[in-house]
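Open your viewer, get the selection box ready, and follow along stop by stop. Each stop tells you what to pick next and what you'll find there.

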Amino acid sequence: MSEGAFPEGFEWSTATAAHQIEGGNWNSDWWRWEHTPGSGVVEPSGDACDSWHRWEEDADLVAEMGLGAYRFSVEWARIEPEDGEVSVAALDHYRRVCEGLRDRGIAPVVTFHHFTTPRWLADRGGWEDPSTVERFATYAHHVAEHLADVMGRACTINEPNIVASIGWGHGAFPPGVRDWDRARAVQEVFVDAHRAAVESIRAAAPGVPVGLTLSMADYQAVDGAEEKMARRRRAMEDVYLEAVDGDDFVGVQAYTRERIGPGGQLGPEEGVPVLPMGYEYWPQCLEATVRRAWEVTGGRVPLLVTENGIGTDDDAQRIEYLHAALTGLLRTIADGIDVRGYTCWSLLDNFEWAYGYGPRFGLVEVDRRTFERRPKASARWFGSVARSNALAPVP
Ligand code: GCO
């Protein structure tokens with residue numbers, strides 16, 4: 001019994017990121033950050049889920065769920081280990097991953113930058129240095145050229161707003177700077193880098209849809225803080241949403257709500273369940289952020305949900321969250337919003353950045369010692385939704 005059908009051809013997907021699942025990504029700024037005393041990272045990524053070697057097992061898991069797409073990222077630090085030195089072996093590896101997915105009837109959705117930056121680039125100012133725009137566009141061209149005939153979609157940069165704000169504002173991501181003026185300068189480099197990468201990917205891989213993915217939240221003002229909330233939301237979201245005109249899609253990534261009071265960001269509201277990472281259980285965020293992305297872009301750019309999910313040890317709670325989020329998404333589609341697909345974060349329990357391996361976002365559990373993959377009930381539930389292209393009841 002379905003609770004609502006999705007449009008014909010709706011793209012069901014799940015997602016991961018290189019640094020969070022591959023293992024051994026020692027040449028990036030994140031690996032160094034994890035081993036920097038005082039960085040606050042709970043534990044290093046180490047072998048992660050050993051997906052550099054076990055990617056075929058991952059592809060089989062996606063196929064078993066009946067998903068039509070799989071979003072993963074390629075690692076710049078592997079592809080260009082030193083400035084100007086391109087590793088064909090690394091590019092060939094990612095080409096084999098794309099070919100393996102396509103052999104299983106799965107469209108590869110390739111993210112070109114997902115939080116991690118090569119050490120050699122970070123050491124030269126990284127995203128604070130405007131010359132990185134050109135370097136990123138050149139890197140994007142190499143990748144797009146090598147994967148042109150096997151990529152389903154290209155995501156230029158994953159959550160540039162998070163990298164800029166947490167890396168240069170809060171200081172909890174590399175390079176650990178706490179200076180909002182510098183964070184705003186980084187934001188501008190990211191916007192320019194995205195625009196340049198769209199051009200170089202289109203030149204190298206004509207016809208492959210290109211967009212960026214943006215971390216969004218259901219922003220709500222408390223105690224009359226509308227002005228302050230609107231300023232924060234503008235800085236985190238609108239700056240990017242206004243730069244995507246002409247892109248083939250906008251990747252909406254939503255997890256929770258942000259409450260802004262007169263004194264700034266507020267904690268969880270009394271009576272709202274709180275998740276292990278300290279933020280509210282708030283599946284309503286998906287409908288709210290999809291509606292907002294559509295509004296700010298004036299309905300000119302198709303939307304794709306490129307991340308939504310929940311870090312929890314309670315898999316039944318995960319199914320409830322996904323059901324509630326997808327119910328809201330159906331309402332946006334019924335109101336005429338052009339949503340092309342939905343991606344559940346994540347395929348695997350993986351390295352959750354500064355939180356280490358604690359928060360479990362995966363539809364599939366990974367044994368931390370043997371790397372054995374064990375699909376959860378949520379994988380079976382999400383697979384039933386994807387195969388029927390309709391919302392299934394919570395078991
Ligand atoms: C992000 C990243 C993912 C996270 C996920 C859960 O959105 O922060 O894209 O790498 O793991 O969002 O926090």
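In which helix do Arg54 and Glu57 both lie, and how many residues apart are they? They sit in helix H3, 3 residues apart, which is about one turn of the helix. Before going further: this is a predicted model, in which local features need pLDDT of at least 70 and side-chain atom pairs count only at pLDDT 80 or more, while totals for chains, interfaces and linings use all residues. Residues are numbered from 1 along each chain as its sequence is written, and side-chain values use heavy atoms, with hydrogens and water left out. Helices (H or I, at least four residues) and strands (E, at least two) are DSSP runs, numbered from the N terminus.

**Stop 1: salt bridges**

Keep Arg54 and Glu57 selected. Arg54 makes a salt bridge with Glu57, with 3.4 Å between the closest N and O atoms. The term here means a side-chain nitrogen of Lys or Arg within 4 Å of a carboxyl oxygen of Asp or Glu. By this rule the count comes to 33 salt bridges. Arg54 counts as partly exposed because its relative accessibility is 23%, and Glu57 is partly exposed too, at 34%. (Buried is under 20% relative accessible area, exposed is over 50%, and partly exposed is in between, using a 1.4 Å probe and protein chains only.)

Now select Asp181 and Arg184. Both lie in helix H9, 3 residues apart, again about one turn of the helix. Their side chains meet in a salt bridge at 2.8 Å, N to O. Asp181 counts as exposed because its relative accessibility is 56%, while Arg184, at 44%, counts as partly exposed.

For a pair of another kind, pick Arg331 and Glu287. Their side chains meet in a salt bridge, 2.8 Å from N to O. This pair links distant parts of the chain: Arg331 is in helix H12 (residues 315–334) and Glu287 is in helix H11, 44 residues apart. Arg331 is partly exposed at 43% relative accessibility, whereas Glu287 is buried at 16%. Add Arg291 and Asp335 to the selection: together with Glu287 and Arg331, they are linked in a network of salt bridges.

**Stop 2: Thr289**

Stay with helix H11 (residues 285–296), where you'll find Thr289. Is Thr289 buried or exposed? Thr289 counts as buried because its relative accessible area is 1%. Show the side chain of Thr289 and trace it to the backbone oxygen of Cys285, 2.7 Å away. Then look at what Thr289 touches beyond its neighbours within four places in sequence: Met216, Ala217, Asp218, Val252 and Ala254 are in contact with Thr289, where contact means heavy atoms within 4.5 Å.

**Stop 3: pockets**

Time to look at the empty space. Rolling a probe the size of a water molecule over the atoms shows where such space is left. On a 1 Å grid over the protein atoms alone, a cavity is a set of points where a 1.4 Å probe fits but cannot get out; a pocket is an open set with protein on both sides within 12 Å along at least five of seven lines, and lining residues have an atom within 4 Å of a point.

Select Ile162, Ile166, Met236, Glu258 and Gln265. The largest pocket has a volume of about 1400 Å³, and of the 48 residues lining this pocket, those five are the closest to its centre. Colour helix H8 (160–170), helix H9 (180–204), strand S5 (210–221), helix H10 (226–241) and strand S6 (249–261): each supplies at least two residues of the lining of the largest pocket.

Next, go to Asp29, Ala122, Trp168, Pro174 and Pro175. Of the 17 residues lining the second largest pocket, these lie nearest its centre. This pocket has a volume of about 250 Å³. Helix H2 (29–34) gives the most to its lining, with 4 residues.

**Stop 4: the cavity**

How many cavities of 30 Å³ or more does the structure hold? There is 1. About 140 Å³ of space lies in the largest cavity. Select Ile21, Trp55, Tyr70, Phe72 and Val97, the closest to its centre of the 16 residues that line it. Helix H1 (18–21), helix H3 (51–64), strand S2 (69–73) and helix H5 (88–103) each give two or more residues to that lining.

Key:
A polar contact is a pair of N or O atoms within 3.5 Å; within protein, one must be able to donate a hydrogen and the other to accept it, and residues adjacent in sequence count only if both atoms are side-chain atoms. Grid points are joined across faces, edges and corners, and a volume is the space filled by probe spheres set on the points.
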